[in-house]
Amino acid sequence: VCSSDLPELRKGAIWDRSYAKPLGYPGDFQIMNQVYDWERVGGNAYEMLMHRLGLDVAECIRTRMEVVMTWIGEIARMERHGAPARIASLGSGPAREVEGFLKSRGALDCHAEFSLIDQEQQALHYANEAIYPYVLRSNGRIQVQGLNISFTDILRTASTLSVLPPQNLIYSVGLLDYLTAHRAKSLVRRLYELLAPGGILIIGNMNQCPMSNLWPMEFIVDWSLHYRSDADMLAWVEGLAAERAWTETERTGRVRLLFVQKP
């Protein structure tokens, strides 16, 4: 993209925030919210068109969230003889999948404890504000805690996550894209160890494919990620003795999701 073209793209709100990175990093929770809300944003037709083009590029952020929300429902509705489903999100951002699940009829009789882990206090505050009304209405069946922990600390020492009891579902769908293969494998192992027996780990990563987001993200807004294949991600679970492990893509094909189940 020529430097003269960039100001035209930045008239779209999502392009502008992605390029400017006002919180100091790409992919902040406000960008996630723009994708989830899918609203017409802009002062005129051209600005709204540019924003819509950016939303089309980022659609896979919303569709990967929909996959996770389905799994939250599956895990939360399982009978555990009165014990809650324990669900943790690493890099939770605004946690719109939790909010979406709690809005649904499927959440009415569920008993669940959510742990939202993020390095951005503003994201956790947003999530708490959005989710708290559903917690109040649940009569104690739903509990949510926010853990403000830097990702650097999580990668540096295993003890940062030791506050969590064994989890029935752990997911991280927007963090490992930024990690080298070595660090990603180490983190997958650490998260796997936190699973309760029979628990599920879900890891999302931008997919290595002809229609990937590499060009618009890397070359337009300077948003660098690792794009990975099925083999790349399955390599992370080697030696874990998992019950089963597989990958699949969400409906756009631009995000690949790794699923690992503990025996």
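# A walk through the helices and rings

Lys-262 lies over the face of Tyr-192, at 5.3 Å from the ring centre. Keep in mind as you look at that spot that this is a predicted model. A second charged residue sits in a similar kind of arrangement: Arg-62 is placed over the face of Trp-38, and here the distance to the ring centre is 4.4 Å. Arg-62 will turn up again further on, so it's worth remembering.

Let's stay with rings for a moment. How many aromatic pairs does a search of the whole structure find? It finds three. One of them is made by Phe-29 and Tyr-126, whose ring centres are 6.1 Å apart, with 50° between the planes, and that makes the pair tilted. Phe-29 belongs to helix H3 (residues 29–37) and Tyr-126 to helix H7 (residues 121–137), so this pair ties together parts of the chain that are 97 residues apart in sequence. The two partners have their own surroundings: Phe-29 is buried, with a relative accessible area of 6%, whereas Tyr-126 is partly exposed, at 28%.

Another pair brings Trp-71 and Phe-259 together, again tilted, with 5.4 Å from centre to centre and 40° between the planes. This one also links distant parts of the chain: Trp-71 is in helix H5 (residues 59–76) and Phe-259 is in strand E7 (residues 255–261), 188 residues apart. Is Phe-259 buried or exposed? It counts as buried, because its relative accessibility is 0% and the cut-off for buried is under 20%. The story has one more member, since ring pairs link Trp-71, Trp-246 and Phe-259 into a cluster.

Now for the way the helices pack. Start with H2 (residues 13–20) and H3, whose axes come within 10 Å and cross at roughly 160°. Why are H2 and H3 described as roughly antiparallel? An angle over 145 degrees earns that name, and so the two helices are roughly antiparallel to each other. H2 passes H3 in a left-handed crossing. If you want to find the meeting place in the structure, look for Ala-13, Ile-14, Arg-17 and Ser-18 on the H2 side, which meet Gln-30, Ile-31, Gln-34 and Val-35 on the H3 side.

Between these two helices runs a loop, and Gly-27 is found in it. Which residues does Gly-27 touch, leaving aside its neighbours within four places in sequence? They are Met-32, Tyr-178 and Trp-223. For a sense of distance, Gly-27 and Leu-55 are 28 residues apart in sequence, and their C-alpha atoms are 13 Å apart in space.

H3 has another partner in H5. The axes of H3 and H5 come within 8 Å and cross at roughly 80°, so these two helices are roughly perpendicular to each other. From H3, the contact is made by Met-32, Val-35 and Tyr-36, while H5 brings in Ile-61, Arg-62, Arg-64 and Met-65. There is Arg-62 again, the residue that lies over the face of Trp-38. Val-35 is familiar too, as one of the H3 residues that meet H2.

One more residue of H3 deserves a stop. Asn-33 has its place in this helix and is buried, with a relative accessible area of 3%. Apart from its neighbours within four places in sequence, Asn-33 is in contact with Pro-94, Arg-96 and Tyr-126. That leads on to H6 and H7, which pack at an angle of about 10° with their axes 10 Å apart. An angle like that makes H6 roughly parallel to H7, and H6 passes H7 in a left-handed crossing. Arg-96, Val-98, Glu-99, Leu-102 and Lys-103 of H6 make the contact with Tyr-126, Ala-130, Ile-131 and Tyr-134 of H7.

To finish, here are two alanines with a backbone feature in common. Phi of Ala-95 is near 55°, a positive value in a residue other than glycine, and phi of Ala-241 is likewise near 55°. Ala-95 lies in the loop between strand E1 (85–90) and helix H6 (96–103), while Ala-241 is in the loop between helix H11 (230–234) and strand E6 (244–249). Which of these is buried and which is exposed? Ala-95 is buried, with a relative accessible area of 0%, whereas Ala-241 is exposed, at 62%.

Definitions and conventions:
Residues are numbered from 1 along each chain as its sequence is written. This is a predicted model: local features need pLDDT of at least 70, side-chain atom pairs count only at pLDDT 80 or more; totals for chains, interfaces and linings use all residues. Side-chain values use heavy atoms; hydrogens and water are left out. Rings of Phe, Tyr and Trp (its six-membered ring) pair if their centres lie within 6.5 Å; planes under 30 degrees apart count as stacked, over 60 as edge-to-face and the rest as tilted. Helices (H or I, at least four residues) and strands (E, at least two) are DSSP runs, numbered from the N terminus. Buried means under 20% relative accessible area, exposed over 50%, partly exposed in between (1.4 Å probe, protein chains only). A charge sits over a ring if NZ of Lys or CZ of Arg is within 6 Å of the ring centre and within 35 degrees of the ring normal. Axes are lines fitted to C-alpha atoms, for helices over the stretch in contact, and angles run from 0 to 180 degrees between N-to-C directions. Angles under 35 degrees count as roughly parallel, over 145 as roughly antiparallel, 65 to 115 as roughly perpendicular and the rest as oblique. A crossing is left-handed if the near helix is turned anticlockwise from the far one by less than a right angle, and right-handed if clockwise. Contact means heavy atoms within 4.5 Å.
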